[in-house]
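Student: I would like a close look at one part of this model, beginning with a charged pair and following the chain back from there towards the packing of its helices. Please take it step by step and say where the charges, the buried side chains and the helix contacts are placed.

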Amino acid sequence: MEETQEIVLTQMRKSAEKLGSSTEKHGDSTLMRFLIARSMDPDKAANMFVQWQKWRASLVPNGFISDSEVSDELAAKKIYLQSLSNKGFPVMIVKGSKHFPSKDQLQFKKFVVHILDKTIASSFKGREIGNEKLIGVLDLKNISYKNIDARALITGFQFLQSYYPERLAKCFLLNMPWFFVSVWRLVSRFLEKATLDKIVIVTNNEERRAFVEEVGEETLPEEYGGRAKLRAIQEVELAPLED
């Protein structure tokens, strides 16, 4: 690690302690994500880190969200968790046509945490390093007006921005219908430039080929040009973490 990074990390740790939070259980790779998200400003990164800790303690007091806590959302089978991409990132696919606006917003927020945590954890090789990323795929094929849920999209992306900094490697939007364009414009207003830069709306054959190449045919399901089968996220079992 460069000497300047070590200095900034030390400053961030001290700043977090002044805010009443401990960084002892978190390695440099985890803290670097917060620093990168805040342009290497140690005070802003520390504040973001502290807010993340408070949020986790409030929404995820047990450290994880069990299947039983989000059973209604899981029942729709709208989230699929594939294996790793060519660059080693887990691939999560969202079927927009299977989503309907939730009547239980707390359960939906927990569901977002559940799928993000599980997707990221699926890339751990024995233990978490802290710098793991994911690829998201939002498939809008066959969606209708009853599937449109701008609030859900905003919640998902804002969670990524605020509480999962630098976890998103790339997000691909597939099969976007004309009537969804205005919805996406609305959602985009809530996204930071760093997030928008990672989003690719696939509209032509060249972009589709690049999408297949980035994910990899062995990981991508057949319906998207790959050779894999879709795997519902609740059917994926993860190996226990090493101590």
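Tutor: In this predicted model, Lys198 has a relative accessible area of 18%, and it counts as buried because the cut-off for that class is under 20%. The side chain of Lys198 meets that of Glu166 in a salt bridge, with 3.7 Å from N to O. Lys198 sits in the loop between helix H8 (193-196) and strand S5 (199-201), while Glu166 sits in the loop between helix H6 (150-163) and strand S4 (168-174), so the salt bridge ties together parts of the chain that are 32 residues apart in sequence. Glu166, too, has a relative accessibility of 18% and counts as buried.

This pair belongs to a wider set, since a search of the whole structure finds 16 salt bridges. One of them joins Lys110 to Glu69, with the closest N and O atoms 3.5 Å apart. Here as well distant parts of the chain are linked, for Lys110 belongs to helix H5 (residues 105-121) and Glu69 to the loop between H3 and helix H4 (71-75), 41 residues apart. Glu69 is partly exposed, at 28% relative accessibility. H5 also holds Leu106, which is partly exposed at 49% relative accessibility; the C-alpha atom of Leu106 is separated by 9.6 Å from that of Val70, a residue 36 places away along the chain. A further salt bridge brings together the side chains of Arg227 and Glu218, at 2.2 Å from N to O, and in this case Glu218 is exposed, with a relative accessible area of 56%. Beyond such pairs, Lys95, Asp139 and Glu223 are joined into one network by salt bridges that share partners.

Two loop residues deserve a word before the helices. Lys77, in the loop between H4 and strand S1 (79-84), has a positive phi near 50° although it is not a glycine, and it is partly exposed at 36% relative accessibility. Asn142, in the loop between strand S3 (134-139) and H6, likewise has a positive phi without being glycine, near 65°; Asn142 is exposed, with a relative accessible area of 65%.

Moving back to the helices, the axes of helix H1 (residues 3-18) and helix H3 (residues 42-59) come within 8 Å and cross at roughly 50°. An angle of that size falls outside the ranges for roughly parallel, antiparallel or perpendicular axes, and H1 and H3 are therefore oblique to each other. The crossing of H1 past H3 is right-handed. On the H1 side the contact is made by Val8, Gln11, Met12, Ser15 and Ala16, and on the H3 side by Pro42, Asp43, Ala45, Ala46, Phe49 and Val50. Of the residues in this contact, eight are nonpolar, two polar and one charged.

The loop that leads from H1 to H2 contains Ser21, which is buried with a relative accessible area of 9%. Apart from its neighbours within four places in sequence, Ser21 is in contact with Ala16, Phe49, Val50 and Gln53.

In helix H2 (residues 28-37), the buried residues are Thr30, Leu31, Met32, Arg33, Phe34 and Leu35, and what covers them includes H1 and H3. The axes of H2 and H3 come within 8 Å and cross at roughly 120°, which makes H2 oblique to H3. H2, too, passes H3 in a right-handed crossing. Leu31, Phe34, Leu35 and Ala37 of H2 meet Pro42, Ala45, Met48, Phe49 and Trp52 of H3, and this contact divides into nine nonpolar residues, with no polar and no charged ones. After H2 comes Ser39, whose phi is positive, near 55°.

Conventions
Residues are numbered from 1 along each chain as its sequence is written. This is a predicted model: local features need pLDDT of at least 70, side-chain atom pairs count only at pLDDT 80 or more; totals for chains, interfaces and linings use all residues. Side-chain values use heavy atoms; hydrogens and water are left out. Axes are lines fitted to C-alpha atoms, for helices over the stretch in contact, and angles run from 0 to 180 degrees between N-to-C directions. Helices (H or I, at least four residues) and strands (E, at least two) are DSSP runs, numbered from the N terminus. Angles under 35 degrees count as roughly parallel, over 145 as roughly antiparallel, 65 to 115 as roughly perpendicular and the rest as oblique. A crossing is left-handed if the near helix is turned anticlockwise from the far one by less than a right angle, and right-handed if clockwise. Contact means heavy atoms within 4.5 Å. Ala, Val, Leu, Ile, Met, Phe, Trp, Tyr, Cys and Pro count as nonpolar, Asp, Glu, Lys and Arg as charged, and the others, Gly among them, as polar. A salt bridge is a side-chain nitrogen of Lys or Arg within 4 Å of a carboxyl oxygen of Asp or Glu. Buried means under 20% relative accessible area, exposed over 50%, partly exposed in between (1.4 Å probe, protein chains only).
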